[in-house]
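Please open the structure in your viewer and keep the selection tool at hand, as this tour moves from one selection to the next.

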Amino acid sequence: MDADKFKQLVLAMPLGKKLPDAHYVHKIAFDSLKPELTQFIIAVGKALNIDAEQWHVAKLSKNNFKLSLLSYPDFFDESYPALTQSVTIDLNKLSHRITQYQAFENPPILHRKETMIPSSHPSYLHFKTLTQEGEEAGLYENTRIIGFKQSWEKIINKKGYQLIEGRLFKRSNEASDITSAEFKTSIDRHKTAIVRHELSAPMKQLAKQGFLNGDFSLFDYGCGQGGDLTELQAHGLDALGWDPNFQPDAEKVSSDLVNLGFIINVIEDQTERSEALLEAWALTQKLLVVSAMLANETYINQFKPYKDGVITSRNTFQKYYAQAELKGYIERVLDENAIAIAPGIYYIFRDKIEEQRFLASRHKRHHQWQQITHPTPTSNIQAQLLFTQYKPLLNAFWERCLALGRLPINEEFADMEALKVVCDNAKKAFALLLQVQDEQAKINFNCAASFRREDLLVYFALSQFEQHKGYQRLPDEQKRDIKVFFGTYKVAITEAKHLLFSIADTELIKQACLQAHKDLPASKMNPDHSLELHKHFIDKLPALLRVYVGAAIQLYGELDEIDLVKIHITSGKVSFMGYDNFNTSPLPVLRERIKVKMWQLDIDFFDYIDTDHRPPLIYKSQYLNEIFDDYKKQKSFDKRLYKEGIFEQQEKPNTLNQVKASLKNRGLEVRGYRFYRLE
């Protein structure tokens, strides 16, 4: 999933609450959306270890590769449920932010819930009725200020309504019409505006960062007496402003840059404070600058407490913040990342490309643009997000690594260029995959590397039977393998020759057979004599036995008509057995047997021409496992065959006819893989 695909899927959503910047949808409606989108949302949540019960609504950005998982536990119980937690994930930056609202006096709330669920849901009509009530009461006339609980309650009161058990009712004439003005104490807000003889701290930061170079328009929300505007306009900048006391008639205009300078700290009404921040954000096209006064407890304690702030000696209100508190407040209200620029000054970018450009410039000694766009994960969470975002590509790369037992070079992985865009190079991609996968993945790769090295040893050992090729005539991929697994060609050949000569050591062969019998999926061990196995498991043998059998194959040829292999422990022989109907009969009969005598470089062939006297393979299931189609049927058949005990007699039947005769004496006959009672 990339940003373009995400945007395409979000814009194509058939339902959801659709706002200018994002779509909201309850997860109960996921069946109505494209599976590719919903699976990605769920995968992102799992990557962050967010329990599915911890979120209910997904907020999907229309313009950025960003989504939020929102917790509304009272979604179906409350008319306008409050947000308790949001997890906002920026997939471009591989970052996430968790914001808690449980202790927040003015949490965000939801409206128009019917848009977030399917029309077939039982609650749909009820939710639609709630919205219609609000529209008829005029509550949705200014949607920018209704997103928080206190703002919503304030406008309900202003319109002459009250909420009773979640429903709107007109207040009686006797009820007091309380307005927000009656709650206000006599505070001189206008006294907070000061005469400036130089740019304010937020404006100085904008100038320092290059934003006042003439390329951007600027609006000063709460410009006071206009000192900053006068200076900016003198430089020929497109700068306008508004202030409720000094320029109340000025138009509030949308601009590239919006400055909310030391405003939120002088508004005593928390609802109005949030509304000012939201309105400034609504006017912002690229960057919002928010600043507020900071102070410690010792300084604050000298003033008279009032609401969540103090009354100063000049009869003005001040809400003094701590740096982290200010950041938390901005992010709770706007659900956007706030970047600390200086004490009490934060940048909030609406234009995410501009944000990346700013961050790249800010850290240019340490980061390149590529690292900002696709940062190297510094935590498990970031790694999980990157893996979730590019899962098919990274899984394909991992499979290629396992196939080679090492990291591929450019020509060995078809999507290497796409991988480099995501992770810079194969080494970083490999490190990412080890980080996001469990310990078993590392074990699997180490096994793949070990198997690949062993494969090469077997190959080089058996190649000693042929004319020596020399290093220069080897394929390029083998040269790379040699460098990774052996260092030099000389080391590889030396180890291979040692392995080849070891097949003459009967004690080593015996120990290898015993170990193979333990490790193979299926085999039959004849103590001190031989190990029998299906040809499918030859590649799973230890390297010594693979060379042992491989040498015999070089003398005999391909095993197309062969089913079982017998490794003789002490005689230096390998036998190959081919059976009629091995894959379809519970009692296949031996058709041919080839005994390769490696010490004499000779081969004995045994053909069983007389079909009536061909020996049957008894208990075939001991050579099989689940990959064989008839394994379960064969295992059940062998269990019944053992139960009948016909092979416990002193003279065992040597032909298929003798087996059938023994079964007939017990009143049984075999049809396919089943036993039937004779009438």
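**A helix across two strands**

Begin by selecting residues 227-234, which form helix α7; this helix lies across β9 and β10, and it runs at about 165° to β10. Please bear in mind throughout the tour that what you are looking at is a predicted model.

**The six-stranded sheet**

Now widen the selection to the sheet to which these two strands belong, an open sheet of six strands with the order β10-β9-β11-β12-β17-β16, in which the pairing is mixed. If you colour the edge strands, you will be marking β10 at 239-242 and β16 at 339-342, each of which pairs on one side only. As you follow the sheet from one strand to the next, the twist averages 25°. Next add residues 201-208, which are helix α6: this helix packs on the sheet and touches β9, β11, β12, β16 and β17 (345-349), while its direction makes about 55° with that of β17.

**Strand β11 and its partners**

Select residues 255-261 next, which make up strand β11; is this strand mostly covered, or mostly open? It is mostly covered, since seven of its seven residues are buried. Strand β9, at residues 218-221, runs parallel to β11 and is joined to it by three bridges. To see how the two strands line up, show L218, whose bridge partner in β11 is L257, and then show D220, which stands opposite N259 in β11.

Keep N259 on the screen and turn to strand β12, where V289 stands opposite N259. Strand β12 covers residues 284-291, and six bridges join it to β11, with the two strands running parallel. If you also select residues 270-283, you will have helix α8, which together with β11 and β12 makes a right-handed β-α-β unit.

As a general point to remember while you look at these pairs, strands of a sheet pair through backbone hydrogen bonds, either parallel or antiparallel.

**A three-stranded sheet**

For a case of the antiparallel kind, go to the open sheet that three strands form in the order β13-β14-β15, where the pairing is antiparallel. Its edge strands are β13 (304-306) and β15 (317-318), each of which pairs on one side only. Select β14 at residues 309-311 and look for the two bridges that join this strand to β15; in β15, Q318 is the bridge partner of V310.

**Two crossing helices**

Move on to residues 380-389 and 391-404, which are helices α13 and α14, and turn the view until you can see that their axes come within 5 Å and cross at roughly 95°. An angle from 65 to 115 degrees counts as roughly perpendicular, and therefore α13 is described as roughly perpendicular to α14. Where they meet, you can select L386, F387, T388 and Q389 in α13 together with K391, L394 and N395 in α14. The residues of this contact divide into three nonpolar, three polar and one charged.

**A last stop at D481**

Finally, select D481, which is found in helix α18 at residues 476-485. Is D481 buried or exposed? Its relative accessibility is 2%, and so D481 counts as buried. Leaving aside the neighbours within four places in sequence, show the residues in contact with D481, which are R406, R452, L456 and F486.

How values were computed:
Residues numbered from 1 in each chain as written. Predicted model: local features only at pLDDT ≥ 70, side-chain atom pairs only at ≥ 80, totals over all residues. Heavy atoms only, no water. Pairing = 2+ DSSP bridges. Helix = DSSP H or I, 4+ residues; strand = E, 2+ residues; numbered from the N terminus. Buried < 20%, exposed > 50% of the residue type's maximum accessible area, 1.4 Å probe, protein only. Right-handed = clockwise from strand over helix to strand, strands pointing away. Axes fitted to C-alpha atoms, helices over the stretch in contact; angles between N-to-C directions. Parallel < 35°, antiparallel > 145°, perpendicular 65-115°, else oblique. Contact = heavy atoms within 4.5 Å. Nonpolar A, V, L, I, M, F, W, Y, C, P; charged D, E, K, R; others polar.
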